[in-house]
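I opened the notebook to go through one protein model, from its overall build down to single residues. These entries keep to what I looked up.

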Amino acid sequence: MSDTQDTIAAIATPPGKGGVGVIRLSGPRSLEIATQLSGRSLTPRQAHYAVFKDQQGDVLDSGLVIYFAAPNSFTGEEVVELHGHGGPLVLDGIMSALFNAGARQARAGEFSERAFLNDKIDLTQAEAIADLIDSTTQQAARGALRSLQGEFSDKISGLLKELVYLRTYVEAAIDFPDEEIDFLADEKIRSALDQLNSHLQTTIDQANQGAILRNGLRIVIAGKPNAGKSSLLNALSGYDAAIVTDIPGTTRDIVSETINVDGLPVHIVDTAGLRDSTDTVEKIGIERAHKAMNEADHVFYLIDATQPDESILDSPVPITKIFNKVDLLKQAFPGEALAVSAKTGQGLDQLREHIKSIAGLDQSTETLFTARRRHIEALQKAQASVDLGVKQLKLFNAGELLADELLQAQRALNEITGEFTADDLLGEIFSGFCIGK
């Protein structure tokens, strides 16, 4: 956890050369240290031109200084930004002067951590900052921005309000057992529990989509040798990512490319052809193919349409059969199966739509927010507690057990926004942030 008595400093712009470099200070001595370095009296939220000097009076650089007075800053503390030239040596010189004046190097994510600890943002918004920086598509960036603006937090807040209402109602019924009316048998509470469960499931579905939007979908292309797996990878990625020959067993290792399907990051993985082989290297490739399938979100089982087979692929994840080389057929491919030609591009648009459908993004993603695996797990934990509580009520009319399960559900949801979160989890979350953010 952050020691908020320290004043921290970090370079906030990316490593390397640039026209402008920004250094951020946050903490109780930020204004004092920045004033010492710049020689200027700073007015909040005004840009001041200054010459930056070290403790010996040597000029380090010149640029702008902007002061944000607490609590009206990103972290809620005294914050100062120094805008100088973006040369690494220049910025390192300013950082050394700041350290000599009493600041220390900020840890990864410490600015965002302080913003969270000072109630400027909740935990989902803090995570959305990192997601926004790491976004690989416009859709993912928009989803992260919606989370940063509080859209995901609002959904969790709504669920918590429903839970608190139910807990109040149930616990009141427990506290007044002598009343003639059996409050726990009231249809109103059963209806409210059903509604809460429905809202939890909707949020879980949205969070699953948000996680896919953030992390992307991992699809493995599997099949027998010469089915056209590498050709399909090349066709989807738009360039020759994998070697293609007529020799069976050309692909002997994993080849992966990331493509963008209407804003959805999709990691396409080409694998070695599945067959019995005595070749040592090819056998290793086939083993890696099976491992990749086990770790995938979905498997595309590619079949040569000119030599169709009825073999069944054993896989723990969902499989879609795709028939390739339909351009070589003299008549249209029958049935509703996905049929493509990696060589001519026939059917690839339908395949991309299928990918969106797999991800659950066949509709507009404009209402989605980004989410993480821990969010989904917490939502599922809350739903499991509610389900168990409902079961206890229906089978045993056990109001005390229902109340306890509703409390567990509330704690699970509070973990999402950080209202109830272990320190070790906070350390794990913020350690994955950028330095200076």
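The entries below go from the whole chain to its two sheets, and then to a helix and two single residues.

**Entry 1: the whole chain**

I note at the outset that this is a predicted model, and I read every value below with that in mind. I looked up the secondary structure and found that the protein chain has 13 helices and 12 strands. For the overall dimensions, I found that the C-alpha trace spans about 80 × 80 × 40 Å along its principal axes. I then checked the radius of gyration, which is 29 Å for the protein chain, whereas a compact globule of 437 residues would have a value near 22 Å.

I next looked at burial, and buried residues make up 48% of the 437 residues in the protein chain. The exposed area of the chain is about 21400 Å², and carbon and sulfur atoms supply 50% of it. Of the contacts between residues at least 6 apart in sequence, 61% join residues at least 24 apart. I also looked up the charged side chains, of which 40 are positive and 62 negative, with the centres of the two sets 6 Å apart.

**Entry 2: the sheet that holds E1 to E6**

In what order do the strands of this open sheet stand? I read the order as E3-E4-E5-E2-E1-E6, a sheet of 6 strands with mixed pairing. Strand E3 (47-53) and strand E6 (104-105) are at the edges and have a single partner strand each, so one side of each is left without a neighbour in the sheet.

I followed the pairing from the E3 side, where E3 and strand E4 (residues 59-68) are antiparallel over 7 bridges, and where lysine 53 stands opposite valine 59 in E4. The hairpin of these two strands has 5 residues between them, and in it glycine 57 takes a positive phi near 90 degrees. E4 is also paired with strand E5 (residues 79-86), again in the antiparallel sense, over 5 bridges, and valine 65 stands opposite leucine 82 in E5. At the E6 side I found a parallel pairing, in which 2 bridges join strand E1 (residues 8-11) to E6, and the bridge partner of isoleucine 8 in E6 is arginine 104.

**Entry 3: the sheet that holds E7 to E12**

I then turned to the other open sheet, whose 6 strands have the order E8-E9-E7-E10-E11-E12, with mixed pairing. Here E8 and E12 stand at the edges with a single partner strand each, so one side of each lacks a neighbour in the sheet.

I traced three parallel pairings in this sheet, beginning with E7 and E10, which are joined by 5 bridges, with histidine 298 in E10 as the bridge partner of isoleucine 219. Strand E10 (residues 298-304) is in turn joined to strand E11 (residues 319-324) by 6 bridges, and tyrosine 301 stands opposite lysine 321 in E11. From E11, 2 bridges lead to strand E12 (residues 338-339), also running parallel, and phenylalanine 323 stands opposite alanine 339 in E12.

**Entry 4: helix H8**

Why is helix H8 largely enclosed by the rest of the structure? I found that 7 of the 9 residues of H8 (residues 229-237) are buried, so the helix is largely enclosed. The buried residues are Lys229, Ser230, Leu232, Leu233, Asn234, Leu236 and Ser237. Their cover includes strand E7 (217-223), strand E8 (255-261), strand E9 (264-270), E10 and helix H10 (348-359). I also noted that glycine 238 follows H8 and that its phi is positive, near 90 degrees.

**Entry 5: two single residues**

Is serine 385 buried or exposed? I located serine 385 in helix H11 (residues 373-396), and its relative accessible area is 9%, so I count this serine as buried, the cut-off being under 20%. Leaving aside residues up to four places away in sequence, I found that serine 385 touches Glu405, Gln408 and Ala409.

Arginine 107 I found in the loop between E6 and helix H3 (110-117), where this arginine is partly exposed, with a relative accessible area of 35%. I finally looked at the separation of arginine 107 and lysine 437, which are 330 residues apart in sequence and 9.2 Å apart in space, C-alpha to C-alpha.

Definitions and conventions. Residues numbered from 1 in each chain as written. Predicted model: local features only at pLDDT ≥ 70, side-chain atom pairs only at ≥ 80, totals over all residues. Heavy atoms only, no water. Helix = DSSP H or I, 4+ residues; strand = E, 2+ residues; numbered from the N terminus. Rg over C-alpha atoms; globule rule 2.2 N^0.38 Å. Buried < 20%, exposed > 50% of the residue type's maximum accessible area, 1.4 Å probe, protein only. Contact = heavy atoms within 4.5 Å. Areas by Shrake-Rupley, 256 points an atom, 1.4 Å probe, with all protein chains shown as cover. Lys, Arg positive; Asp, Glu negative; His and termini not counted. Charge placed at Lys NZ, Arg CZ, Asp CG, Glu CD. Pairing = 2+ DSSP bridges.
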